[in-house]
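Me: I should like to understand how the terms used for a protein model are justified. Please set each value against its definition.

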Amino acid sequence: MAEQKHYHSIDYPREVGPVPEGKTPILSVRNLAISFKTDQGRVRAVRGVSFDLYQGETLCIVGESGSGKSVTNKAIMGILSKNAHIDSGSILFEGQDLTKVSEEEFHNIRGTKIGMIFQDPLSSLNPIMKIGKQITEVMIINGKHLKNEYQSLINDEYIALKNDKRLLSLAKNEASLILKNKSSTEEEKAKAKESRDQQVASLKEKIEADRAALSSAKKAAKIKVKAHEKDIKSRHHEAEKPILRDLFRFKNFHANWERFIREYRRYLSEIRVTHKEAKKRALSIMAEVGIPDPARRFNQYPFEFSGGMRQRIVIAIALTASPEILICDEPTTALDVTIQAQILELINQLKKARHMSVIFITHDLGVVANMADRVAVMYAGKIVEYGTASDVFYDPRHPYTWALLSSIPDVDSKSKLEAIPGTPPNMLYPPKGDAFAFRNRYALEIDFKKEPPMFEVSPTHYAATWLLDDRAPACVPPEIVANRIETSLKKAGLK
């Protein structure tokens, strides 16, 4: 543990620290708050979560059940339940705010650009449908080439219009909050109204320009796609003429019929993904995820597979569209230890081979050690510590991270494992101050009164705990954590 020194706080959740050199954020979550309407009241499941996911990295989100891990990632996928409400925040992906995207628009993102693997593979699969059909289904539905070409041609103009509409809505909402605030002075209200009117006028002009640009892009895209379709049909008819001529001469009928079928399949493959293409690709992906004898197993049902093999099928389905981001929601929880290791290794291999970014959700820091580039520790709907895997494992700063590390079984440690006392707070009534204070033996008086800011330990490492404040007494992690860090550093050759 580093010696006591001055740590400054950052404006979290509005900022998450500098982007490391050579890294590009592919997904940015800012100040995300989600609640659920229940008969007892509103459950505050996620309370101001912010993080970036970089290209080609694995970000592990760790925490107990109910900490908000899965809810955050369901919001990214657009699959929150009907009683969920996004209270604030944004999820930016490819220039779009996913919190403002309609269900129809999500069809172009969910599964295609962002894939997800769920906890229980058996509940993710249809028990009465052969796994081959389940893998190829998505490819066939989303495999209309001309439609996809049209959407890609108008994508930039469409996103620009959506973003300016979002900015207009935000400008109106921000000003209305100041105008409705009773503590705001008349001068502040006048300035807010003047600023809002200027912003609204400017954005309305931009929106009109965006609409004109989108309309123009749609016309140009239709012309281009129709020309492409005409070219495909023209080449097909030209290739078909001699085949039909030979076919109706009834010479070498079977050979000419085969030529006709091959040409028709070639033509279809330019219009959409055919069943034959989908099956060929499915068999290739099944082999890639380690399913033996894929040609035979293609026609089997989920109940004919083991738990580990079923999870490989779910991974295969997620990979069919070659997503840029793969979200893994505790994919090894229902598996035994040996199979867990195989699935984790498979995800790592696929990430490197396909250059994907991965969000890995788990409650087990032991799993994280072999997976993560960066780690975010969540508790009671908030991120309480985040940093590189080395930061969190070798220099943890939040008492909750210490508690998680203390509870991991370790063959090298002779110390007794420490259970985390108490239970997580009832999020119908979010606690005042630090949510972990009532379970934290290192809690200070201020922890029960005021929420701690996010302190910067290093440019890659941040923790929300009053123990990092200049006025806090010096504090060291529990002996079991200190011993484990010492052992890990020696094993890694860093000490």
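The questions and replies below take up helices, strands, cores and ring pairs in turn.

Reply: This is a predicted model, in which local features need pLDDT of at least 70 and side-chain atom pairs count only at pLDDT 80 or more, while totals for chains, interfaces and linings use all residues. Residues are numbered from 1 along each chain as its sequence is written, and side-chain values use heavy atoms, with hydrogens and water left out.

Me: How do you know that the length of helix α11 agrees with its number of residues?

Reply: Helices (H or I, at least four residues) and strands (E, at least two) are DSSP runs, numbered from the N terminus. The expected span of a helix is 1.5 Å times one less than its number of residues. For the 18 residues of α11, residues 337-354, this gives 26 Å, and the end C-alpha atoms are 26 Å apart, so the two values agree.

Me: What is found at the start of α11, and what just after α11?

Reply: At the start, a side-chain oxygen of Asp336 comes to within 3.2 Å of the backbone nitrogen of Thr338. A polar contact is a pair of N or O atoms within 3.5 Å; within protein, one must be able to donate a hydrogen and the other to accept it, and residues adjacent in sequence count only if both atoms are side-chain atoms. Just after the helix, His355 has a positive phi of about 55 degrees.

Me: Why is Ser357 called buried, and what does the side chain of Ser357 reach?

Reply: Buried means under 20% relative accessible area, exposed over 50%, and partly exposed in between (1.4 Å probe, protein chains only). Ser357 has 0% relative accessibility and therefore counts as buried. This residue lies in strand β9, and its side chain reaches the backbone nitrogen of Gly56 at 2.9 Å. Contact means heavy atoms within 4.5 Å; among the residues that Ser357 touches, not counting those up to four places away in sequence, are Ile26, Tyr54 and Leu326.

Me: What makes strand β10 largely enclosed by the rest of the structure?

Reply: In β10, residues 374-379, 6 of the 6 residues are buried, so the strand is largely enclosed. Arg374, Ala376 and Met378 point one way, whereas Val375, Val377 and Tyr379 point the other way. In a regular strand the side chains alternate between the two faces of the sheet.

Me: How do you know that β10 pairs with β4 and with β11?

Reply: Two strands pair if DSSP finds at least two bridges between them. β4 and β10 run parallel and are joined by 4 bridges, with Ile61 opposite Ala376. β10 and β11, residues 382-388, pair in the antiparallel sense over 6 bridges, and Val375 stands opposite Gly387. The hairpin of β10 and β11 has 2 residues between the strands, and Ala380 takes a positive phi near 50 degrees there.

Me: What makes a set of residues a nonpolar core, and which residues have the most contacts inside the largest one?

Reply: A nonpolar core is a set of buried Ala, Val, Leu, Ile, Met, Phe, Trp, Tyr and Cys residues joined through side-chain atoms within 4.5 Å. The largest has 65 residues, and Val289, Ile315 and Phe360 have the most contacts inside it. Helix α10 gives the most to this core, with 7 residues. Apart from this core lies another, of 40 residues, including Tyr12 and Met378.

Me: Why is the pair of Tyr379 and Phe436 called edge-to-face?

Reply: Rings of Phe, Tyr and Trp (its six-membered ring) pair if their centres lie within 6.5 Å; planes under 30 degrees apart count as stacked, over 60 as edge-to-face and the rest as tilted. A search of the whole structure finds 12 aromatic pairs. The ring centres of Tyr379 and Phe436 are 5.2 Å apart and their planes stand at 80 degrees, so this pair is edge-to-face. Tyr379 lies in β10 and Phe436 in the loop between α14 and β12, so the pair ties together parts that are 57 residues apart in sequence.

Me: How do you know that Tyr379 and Phe436 are buried?

Reply: Tyr379 has a relative accessible area of 3% and is therefore buried. Phe436, at 2% relative accessibility, also counts as buried.
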